[in-house]
Amino acid sequence: MTCSKLAHCPFFNDEFDRMPLRSGILKRVYCMTAPDACARYQLKAHHEDAPHDLLPDGTKLAAGERKEAIA
Ligand code: SF4
């Protein structure tokens with residue numbers, strides 16, 4: 001099942017990370033297959049804002065993994 005939040009998700013749209021290999025794996029595991037298991041999705045489902053740099057597996061990026069400008 002593909003995530004219903006793809007169009008507006010900053011993680012899926014590559015807005016903040018510099019780790020394309022890891023992001024690609026996470027997208028396949030969570031965004032394209034099991035969004036219900038995604039930490040971002042779960043917060044949104046409860047009408048809570050996800051921290052901008054929260055990854056689907058519940059971890060956050062280290063400083064060197066972030067893009068320079070975080071919106
Ligand atoms: S990161 Fe989570 S909320 Fe965003 S598109 Fe992927 S599964 Fe959906």
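This is a short talk on a predicted model of a chain with a ligand, and on the residues around that ligand.

Hi everyone. Please keep the structure in view while I talk. Remember throughout that this is a predicted model.

Let's start with the ligand. How many residues surround it? There are 13, and the closest of them are C3, C9, C31, P35 and C38. Two helices take part: α1, running 20–31, and α2, running 39–45, each supply at least two residues of the shell around the ligand. What sort of residues make up that shell? By type, 11 are nonpolar, two are charged and none is polar.

Now to the core. The largest nonpolar core contains 10 residues: C3, C9, F11, F12, L26, Y30, C31, C38, Y41 and L55. Which helix gives the most to this core? That is α1, with three residues. You may recognise C3, C9, C31 and C38 from the core list, since I also named C3, C9, C31 and C38 among the closest residues to the ligand. Another core member to find is Y41. Leaving aside neighbours within four places in sequence, Y41 is in contact with C3, K5, P35 and D36.

Next, let's look along α1. This helix has 12 residues, yet its end C-alpha atoms are only 14 Å apart. A straight helix would reach 16 Å at 1.5 Å a residue, so α1 falls short of that.

Which residues of α1 are buried? They are L26, Y30 and C31. These three sit on the same side of α1, because they cover an arc of only 80° around the axis. Here is the general idea behind that: an α-helix has 3.6 residues a turn, so residues three or four places apart point the same way. Turn α1 to its other side and you find P20, L21, G24, I25 and R28, which are exposed.

Two residues of α1 deserve a closer look. P20 is in helix α1 and counts as exposed because it has 10 C-beta neighbours inside 10 Å, where 12 or fewer is the cut-off. Even so, the C-alpha atoms of P20 and E65 are separated by 9.9 Å, with their positions 45 residues apart along the chain. V29 also lies in α1, and its 14 C-beta neighbours inside 10 Å make it partly exposed. V29 and D57 are 28 residues apart in sequence, and their C-alpha atoms are 9.6 Å apart in space.

Over in α2, take A39. Is A39 buried or partly exposed? With 18 C-beta neighbours inside 10 Å, A39 counts as partly exposed, because buried would need 20 or more. Not counting residues up to four places away in sequence, A39 touches L54, P56, D57 and G58. A39 and A50 are 11 residues apart in sequence and 8.2 Å apart, C-alpha to C-alpha.

Last, a word on backbone angles. Most residues other than glycine have a negative phi. Which residues have a positive phi here without being glycine? D14 is one of them, with a phi of about 60°, and H47 is another, with phi near 60°. D14 is in the segment before α1, and H47 is in the segment after α2. D14 is exposed, with 12 other C-beta atoms within 10 Å, and H47 is exposed too, with 6 C-beta neighbours inside 10 Å.

That's my tour, and thanks for listening!

Note on methods: Residues are numbered from 1 along each chain as its sequence is written. This is a predicted model: local features need pLDDT of at least 70, side-chain atom pairs count only at pLDDT 80 or more; totals for chains, interfaces and linings use all residues. A residue is near a molecule or strand if its C-beta atom, placed from the backbone, lies within 6 Å of it. Helices (H or I, at least four residues) and strands (E, at least two) are DSSP runs, numbered from the N terminus. Ala, Val, Leu, Ile, Met, Phe, Trp, Tyr, Cys and Pro count as nonpolar, Asp, Glu, Lys and Arg as charged, and the others, Gly among them, as polar. A nonpolar core is a set of buried Ala, Val, Leu, Ile, Met, Phe, Trp, Tyr and Cys residues joined through C-beta atoms within 7 Å. Two residues are in contact if their C-beta atoms, placed from the backbone, lie within 7 Å. The arc is that of the directions from the helix axis to the C-beta atoms.
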